[in-house]
Amino acid sequence: MYQFFFYILLCLAGLQTVQAQVVTSTPTLPTADDSISIIFYSDRGSGGLKGFTGDVYAHTGVITSESTGPSNWRYVKTNWGQNTAETRLTRFAPDKWRLTIPNIRSYYGVPSQEQILKIALVFRSAFSDKEGKDTGNKDIFIDLYQIGAIPTFKNPLSQSVLLEVGEQLSLSAFVSLNNTALKNFSLLINEKVYVDAGIKTTIDTVFTPANSGTFILQLKTIDTANQIKTSSISVIAVPASKQVPLPSGISEGLTITSDTTAIFCLFAPYHKSVHLIGDFNSYTMMLPEYQLNRAYIDKDNVYYWLEVSGLKQGLEYGYQFVVDGSIRVADPFAHKFLHETLDNEIINQNRYPNLKPYPKGQTSEFVSVFTMRPKTQTEIYPYEWKHNYTRIPQKDLVIYELLIRDFTEKRTYKAIIDSLDYLKKLGINAIQLMPIMEFDGNLSWGYDPAFHFGADKYYGTEYELKQLIDESHKRGIAVILDIVFNHLTGASPLIRMWADGKYGPPSSINPYANVFAPHPYSVFNDLNHESKALQRYIDRVNKYWLTEFKADGYRYDLSKGFTQLDSKGNYGTWAAYDAARVKLLHRMKNAIRQYDSTAFLILEHFADTKEERELTDSSFMVWHNMNPTYIDASMGYINGQSDQGTASVYYKNRSLNQPGNIAYMESHDEERLVKKHYCYGKSIAGYTTKDTTIALQRSAAMASLFFPIPGPRMIWQFGELGYDEGLQLTGSCTDNASIRMNIKPLHWDYLKDIRRNRLQQIYSALINLRAQKVFSSLDSKLTFKASKGDTIRWISYEHPTMNALIIANLDMVQRTVKPPFPSTGTYYDYFTGTPLQINSNGNILSLKPGEFHVFTTVQLPKPPVESWSVTGLDNQEEIPKQGIFPHPVIAHQQFTCFTSLSNGIAKVYDIHGSEISSTTIDNEGFAHMMPLQTGLYSIFCISSDGTKQSRQSIIVQ
């Protein structure tokens with residue numbers, strides 16, 4: 001009985017182990033020459049692909065007898081982010097994926113004489129924004145079954161060891177005999193026998209390098225079948241670093257000390273040595289004269305530095321640091337970087353003219369670059385600034401969020417300059433560039449930063465970026481940079497220098513990053529904002545872009561992640577008031593205010609109201625997502641909104657003391673308003689918000705309830721044109737997260753569409769209203785009707801300069817309403833100039849669905865656009881309901897006109913007023929129209945007795 005229960009316990013323990021595994025394989029113990037089927041459970045391990053349904057690919061290689069450690073993958077199938085058919089997984093159940101490898105050795109192309117020890121895997125989404133890894137964010141390994149006498153190092157466990165000359169290394173090794181007998185076991189150092197153990201299965205010895213250099217320690221076994229098996233580690237011996245204090249005024253990075261000398265400095269606690277390699281020594285490893293001095297302050301603060309002389313003015317130099325003899329990293333404080341593969345596209349497309357070539361064959365990984373300059377030169381990239389610019393109050397900001405990659409066909413800083421006049425005409429006064437700091441790959445949103453001090457070369461040169469900022473300032477447009485301080489990718493030296501793998505995850509001694517993110521929304525490698533080293537780094541980055549490039553501020557991505565409070569995966573805990581997070585943000589802001597008193601500091605925060613109020617009280621601004629509320633109202637749905645509905649766009653309705661909420665209807669993270677209309681818009685007989693024209697009309701109505709309200713606002717690029725390519729909604733309205741960061745098609749052709757052009761002009765007209773104090777002053781008295789219980793929305797304004805009323809009908813049907821104008825007397829319709837006399841009893845307005853008005857007591861210059869027309873004002877007869885379907889009308893296809901004027905006549909006129917055709921309206925109000933050619937037409941519907949008529953314009957495409 002005991003044995004039975006023991007057997008059951010073993011089975012259960014085994015079952016739990018299998019259930020916890022991120023991958024399983026068939027066969028369970030594969031050899032190097034087997035085929036293998038790998039099952040990946042995406043809800044296990046790091047869980048980064050849990051619930052994901054898009055395409056998943058394996059980034060995979062092998063660990064062999066020639067590998068220097070578990071991070072030294074060999075025969076890697078593809079570059080990171082490269083998608084191929086043979087690395088694509090098949091999803092066969094929720095969170096279950098299969099990868100089949102026909103033959104392991106041939107799949108990876110491993111020579112027959114090289115022993116394959118493990119398959120190494122990381123799974124990722126097609127755009128590499130999601131990763132599936134083992135528990136602890138570690139690489140996934142599948143052990144291969146080894147036949148023969150397998151030698152293994154017991155000590156050291158690391159595959160690469162750094163020693164100082166004369167330092168002892170204890171060595172311990174053993175042999176596993178797998179159905180064989182041992183003939184010989186030996187330890188070789190640089191191919192010479194160091195210990196011959198004969199048929200003993202263990203070796204215990206000591207190795208002490210007498211001189212500097214690299215030593216390959218190899219275990220070798222020969223079994224009785226004369227099969228040879230090996231296992232190797234490398235030992236790098238270097239002279240002890242010289243202990244020399246850091247010169248005064250020197251900090252991390254490169255410091256020009258004279259016209260021919262520079263000091264290179266790297267913060268590298270917990271490491272033994274650092275060497276400098278570069279163009280000045282042909283990237284030769286471990287040269288004694290390029291070993292950096294060691295400045296020891298305490299165990300957590302150690303700097304390595306070296307002064308290099310003989311540098312030539314105007315010459316570009318590439319360089320890297322080699323840490324502990326094996327970790328090659330670029331300078332994290334450098335301002336330009338080279339990459340062996342990514343630069344090919346940049347060079348071929350001449351995106352960065354005269355780009356220094358990568359030193360192929362001499363080194364690997366990112367290479368940092370500097371141009372030797374005079375010590376007196378203050379700007380790293382000299383530029384003759386031409387235009388002075390004074391920042392506006394932050395309450396008056398109208399920001400245009402822009403992704404350079406998807407804004408113009410050329411995808412360059414120069415191309416954005418060509419569009420500045422368009423943006424100026426729109427009325428915006430700031431552009432916010434999605435991250436431009438050196439990121440992984442070339443085509444990215446930029447939220448995968450590797451180096452914060454370098455502008456990504458794919459968009460152009462540093463000179464061109466400065467020119468973009470200068471030309472923006474010429475037009476009174478501020479430039480705000482989106483920046484990511486929550487995380488870094490594994491390419492960053494701040495991760496790689498203290499990592500458990502070649503590219504992460506961070507080890508427990510990493511002075512910049514967390515082993516595990518303390519909050520649920522982190523990606524890549526989460527940063528520790530309580531680290532003094534990271535704070536120094538962030539302060540340097542902030543100052544660099546504000547001073548070197550004259551940027552006007554930052555939008556800090558995922559700022560709620562600037563915390564070490566462990567929320568244990570609970571979003572509510574993470575979003576709750578966090579005093580430590582507030583303190584960290586204030587520390588960063590105070591450092592900026594020492595040299596820039598007005599820089600715009602914007603947080604993507606979405607935290608507790610108390611926390612956001614405290615931050616906005618101290619000059620921060622916070623993103624304010626109005627997307628769900630405005631889209632629901634625009635589509636005709638009211639009950640899904642908050643109690644205050646669209647009124648919560650106003651800062652006082654959010655319990656804020658300062659207008660620090662940057663409200664937006666769309667952002668790069670939100671679905672497009674018009675696209676959601678197409679997919680989810682509400683419909684009734686004769687009227688549907690899925691219709692393009694109606695969706696655009698209602699978008700204009702929403703804009704009237706958005707821009708003319710005191711406080712900062714934001715537009716996501718092309719929102720003013722009713723851009724309708726889904727963020728992750730497909731053409732069939734399927735929600736597909738895998739397309740989220742796809743390159744989106746350009747639609748500058750929308751400007752030729754009369755409907756979209758009208759929307760753009762209405763956006764501009766409404767933004768221009770902010771020049772009137774009644775719509776911008778914090779002294780204006782605003783009263784809202786915007787509860788979730790009604791479809792009529794209005795805003796009443798009172799100010800000494802004038803009073804105003806904005807009203808919109810968001811219902812699906814015509815509505816009659818008596819809005820409370822703030823005063824009696826004459827009001828003027830902003831878009832038509834038509835006067836409206838308001839008496840003491842109020843006035844009844846009749847509004848079609850989607851119709852809106854802006855009324856002011858002072859007649860303002862009429863904008864060069866008409867809003868979609870008013871259905872009726874006081875004492876005017878109601879215009880009959882009408883509609884066209886399908887809409888837009890397709891050329892050479894029959895269409896139907898719907899009207900409430902039954903038994904009448906419908907006539908079609910072209911833009912010259914010539915009658916094209918006519919037909920009768922049946923007793924249900926339908927008129928079946930003849931096909932038309934492409935163009936603009938008017939349809940007149942006349943009742944049978946001739947007393948009533950309606951008119952509408954249509955576009956035939």
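The following paragraphs describe a four-stranded sheet and three helix pairs in a predicted model. In this predicted model, local features require pLDDT of at least 70 and side-chain atom pairs count only at pLDDT 80 or more, whereas totals for chains, interfaces and linings use all residues. Residues are numbered from 1 along each chain as its sequence is written, and side-chain values use heavy atoms, with hydrogens and water left out.

Helices (H or I, at least four residues) and strands (E, at least two) are DSSP runs, numbered from the N terminus. Four strands form an open sheet in the order S1-S2-S5-S4, with antiparallel pairing; two strands pair if DSSP finds at least two bridges between them. Strand S1 (23-26) and strand S4 (90-93) are the edge strands, each pairing on one side only. Direction ignored, neighbouring strands of this sheet are turned by 30 degrees against each other on average. Strand S2 (residues 36-41) and strand S5 (residues 96-101) run antiparallel and are joined by six bridges. Ile-39 stands opposite Arg-98 in S5.

Helix axes are lines fitted to C-alpha atoms over the stretch in contact, and angles run from 0 to 180 degrees between N-to-C directions. The axes of helix H9 (residues 532-548) and helix H11 (residues 579-593) come within 10 Å and cross at roughly 40 degrees. H9 is therefore oblique to H11 (angles under 35 degrees count as roughly parallel, over 145 as roughly antiparallel, 65 to 115 as roughly perpendicular and the rest as oblique). The crossing is right-handed, a term used if the near helix is turned clockwise from the far one by less than a right angle. In H9, Gln-535, Ile-538, Asp-539, Asn-542 and Leu-546 meet Leu-584, Arg-587, Met-588, Ala-591 and Ile-592 of H11, contact meaning heavy atoms within 4.5 Å. The residues of this contact divide into six nonpolar, two polar and two charged (Ala, Val, Leu, Ile, Met, Phe, Trp, Tyr, Cys and Pro count as nonpolar, Asp, Glu, Lys and Arg as charged, and the others, Gly among them, as polar).

Helix H13 (residues 627-635) takes part in two further crossings. With helix H15 (residues 692-704), the axes of H13 come within 9 Å and cross at roughly 135 degrees, in a right-handed crossing. Tyr-630, Ala-633, Ser-634 and Met-635 in H13 meet Arg-698, Ser-699 and Met-702 in H15. With helix H14 (residues 673-680), H13 crosses at roughly 50 degrees, the axes coming within 10 Å, and this crossing is right-handed. Here Ile-631, Ser-634 and Met-635 in H13 meet Leu-673, Lys-676, His-677 and Tyr-680 in H14.
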